[in-house]
Amino acid sequence: MPAAGLGVVGALTVATWLLWVYRLRVDEIFARLQPHTVIIAVVAGIVAAAFVSHRRSAHAALAPRSWLASLPVDPRIRRLEALALQLGPVVAVMVLICGFGLVAGAVLGLADLPAKSCLLVWRSALLGTFFGTGVGLIVPLPKPVSPYPGSRYVPQRMTPGRRPVPSLAGLAIWPIRSMFAMLRPKTLSRTLLPVLMMIPLGTTAAAAMAWVGFFGAWTALLALIASLVHVLRAARRWLKPLPLPGPRLGFAICGVVFMVMMGIGAVAAWLRWVARL
Amino acid sequence: MTQPRLELRRLQAAYGERVVLDDISLTLTEGEWFVLLGPNGCGKSTLLDCVAGRKTPVAGSVEICGHSLRGDPVAAKMRMGYGCAPEALPPLLTSRQCLEIHAAAKRLSSVSEDLLELADELRFTPYWESFVDILSLGTRQKLAILLALVGDPKLILLDEAFNGLDPASAQTLKRHLTSLIGRGATLLLATHSLDIVEHHADRAALLVDGRLQHIWQSSDLVQLRSTGQRFDDALARSMSGGGD
């Protein structure tokens, strides 16, 4: 059996074992989820529709530039290829949902626990994904967005005519700019959507704003950590031929960023405190 | 006798199991324009990477102005300027910030007027406040070259530096490099442009399959120029193993 096949069998075995060991807890989770099947279906549908629509848009932008674009391929084959590329990951997710639902249902059935709530949740997720995929395929293509240049979303104070002065200050600001480039408006709006959906009905506007701010601060913090890792690696590659010792380079990049992280952390803690009041 | 600017002894480099540089020994002296030629994938860029400290050789040693790159990397790199590939420049920094970082790393108190004048001659001045990711390939190439020249390095390493430059800028750069070499700098340039060998180089070497197959000494190049022969004939003879 090939290594990939062995991996799948191994993962299924481990998943089944975990489901069996924690069967009571699994049953409890599905019982809690059962009243929210409509929300589960809607969320699964939105995610699937957004994903498929994004894949279509990316494919439409990249296909004409593909190295295979000039090959004499039948247009029907091209359409099938496009469909496979656009739907491949969603189909894989649907197969996973089916597999998980069947295994979980079987485990609960064997343990003499009611499998009804599990099957209802599974059906909602699957139907939501299925209809979402359909919607993603029929909606008009969104306006293409060029991912580059990243500096479009980076604030910059211009000082034209200023004479260059030797300084490592640019290194300190690089991860912060990288964070801004990462958190473009589209990404932010997509991050905000699940946060808004998680806020229970009846929450006051002030508390909701505090929760949104709290999650926003955490998103910025995570993006800053990812940017810092990326910048440390890129700077090491770029500046290797320079007489800049590692600790000096590390301090120049991390010093200000750590202070910004502490500031964001403090804001997040304050917002959490405000939201609980 | 003056100290060699660059001394490579039995240098060997590899990517995994594949040996790309084998037993390279080379000495460059003060005020020399040395051109490295060779087919694609022969190891020219790897050789420059080893000299710049970007790649660690498997065996052999690199000395820059008498300082071992392994033993005293800071002193060796202080005397060297490396023109990185345009795509290696940081996209989210401005050109001015790149220059400031290079100058600070070399512990300069100010950026030389000479370099800013060269930037002006290369028509780069309007781009000092621009982010690198919006610069064209040629403009990025100019920035990479300007960064290599920060701090008047004694050894300048340039890899395909004339790629993407417009003819006027290429001419300006050749003139500036000739002037730097006249003032004692040493240039190691990897290129495919044979006109540089014909008109500017003091010595040239042909690298094939990771080995130095042939070195044209200064006298060989002077003779080529005086007889009006084209360098590509000499190169073709060397490539086919016929010698000079």
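Two strands are taken as paired when DSSP finds at least two bridges between them. With that in hand, the predicted model can be read strand by strand, and a good place to begin is the hairpin formed by S9(B) and S10(B). This hairpin has 2 residues between its strands, and within it B:Asp209 adopts a positive phi near 50 degrees. The two strands run antiparallel and are joined by 5 bridges. One facing pair can be picked out here: B:Ala204 stands opposite B:Trp216 of S10(B).

On its other side, S9(B), which spans residues 203-208, pairs with strand S3 (residues 33-37) of chain B in the parallel sense, over 4 bridges. In this pairing B:Leu37 has B:Leu206 of S9(B) as its bridge partner. Both pairings belong to an open sheet of 6 strands in chain B, ordered S6-S7-S8-S3-S9-S10, with mixed pairing. Its edges are formed by S6 and strand S10 (211-216) of chain B, each of which pairs on one side only. From one strand to the next, the twist averages 15 degrees. Towards the S6 end, S6(B) and S7(B) are parallel and share 4 bridges, with B:Tyr82 matched to B:Leu157 of S7(B).

Just past S7(B) comes a backbone detail worth a look. B:Glu160 sits in the loop that links strand S7 (155-159) to helix H6 (167-182) of chain B. Although B:Glu160 is not a glycine, its phi is positive, at about 50 degrees. Is this residue buried, exposed or partly exposed? B:Glu160 has 18 other C-beta atoms within 10 Å, and since a buried residue needs 20 or more and an exposed one has 12 or fewer, B:Glu160 counts as partly exposed.

Chain B also holds an open sheet of 4 strands, in the order S2-S1-S4-S5, and here the pairing is antiparallel. S2 and strand S5 (67-68) of chain B are the edge strands, each pairing on one side only. Strand S1 (residues 6-15) of chain B is joined to S2(B) by 7 bridges, and the two run antiparallel. Within this pairing, B:Leu11 finds its bridge partner in B:Ile24 of S2(B). S1(B) also pairs with strand S4 (residues 59-64) of chain B, again antiparallel, over 5 bridges; B:Arg9 is partnered there by B:Ser61 of S4(B). Strands of a sheet pair through backbone hydrogen bonds, whether parallel or antiparallel.

The hairpin of S1(B) and S2(B) has 2 residues between the strands, and B:Gly16 takes a positive phi near 65 degrees in it. Further along, in strand S2 (residues 18-28) of chain B, lies B:Asp23. B:Asp23 is not a glycine, yet its phi is positive, near 55 degrees. With 14 C-beta neighbours inside 10 Å, B:Asp23 counts as partly exposed. Helix H1 (residues 44-52) of chain B lies across S1, S2 and S4 of chain B and runs at about 65 degrees to S2(B).

Turning to chain A, the assignment divides it into domain 1 (2-63 + 75-138) and domain 2 (169-275). The C-alpha centres of these two domains of chain A are 31 Å apart. Helix H4 (residues 75-110) of chain A packs against helix H5 (residues 116-138) of chain A at an angle of about 170 degrees, the axes being 9 Å apart. H4(A) is therefore roughly antiparallel to H5(A). The contact draws on residues of H4(A) including A:Leu87, A:Val90, A:Met94 and A:Leu108, and on residues of H5(A) including A:Leu119, A:Trp122 and A:Phe130. By class, the residues of this contact comprise 14 nonpolar, 4 polar and no charged.

Finally, the two chains meet. How many residues does the contact take from each chain? Chain B provides 32 residues and chain A provides 28 residues. On the side of chain B that touches chain A, helix H2 (73-78), strand S6 (80-83) and helix H3 (95-105) of chain B each supply at least two residues. H3(B) gives the largest share of that side, with 9 residues. In terms of class, the side of chain B that touches chain A has 20 nonpolar, 5 polar and 7 charged residues. S6 of chain B thus appears in two settings, as an edge strand of the sheet of 6 strands and as a contributor to the side that touches chain A.

Methods. Residues numbered from 1 in each chain as written. Chains lettered and ligands numbered in written order. Predicted model: local features only at pLDDT ≥ 70, side-chain atom pairs only at ≥ 80, totals over all residues. Contact = placed C-beta atoms within 7 Å. Nonpolar A, V, L, I, M, F, W, Y, C, P; charged D, E, K, R; others polar. Domains from an automatic or database assignment. Axes fitted to C-alpha atoms, helices over the stretch in contact; angles between N-to-C directions. Parallel < 35°, antiparallel > 145°, perpendicular 65-115°, else oblique.
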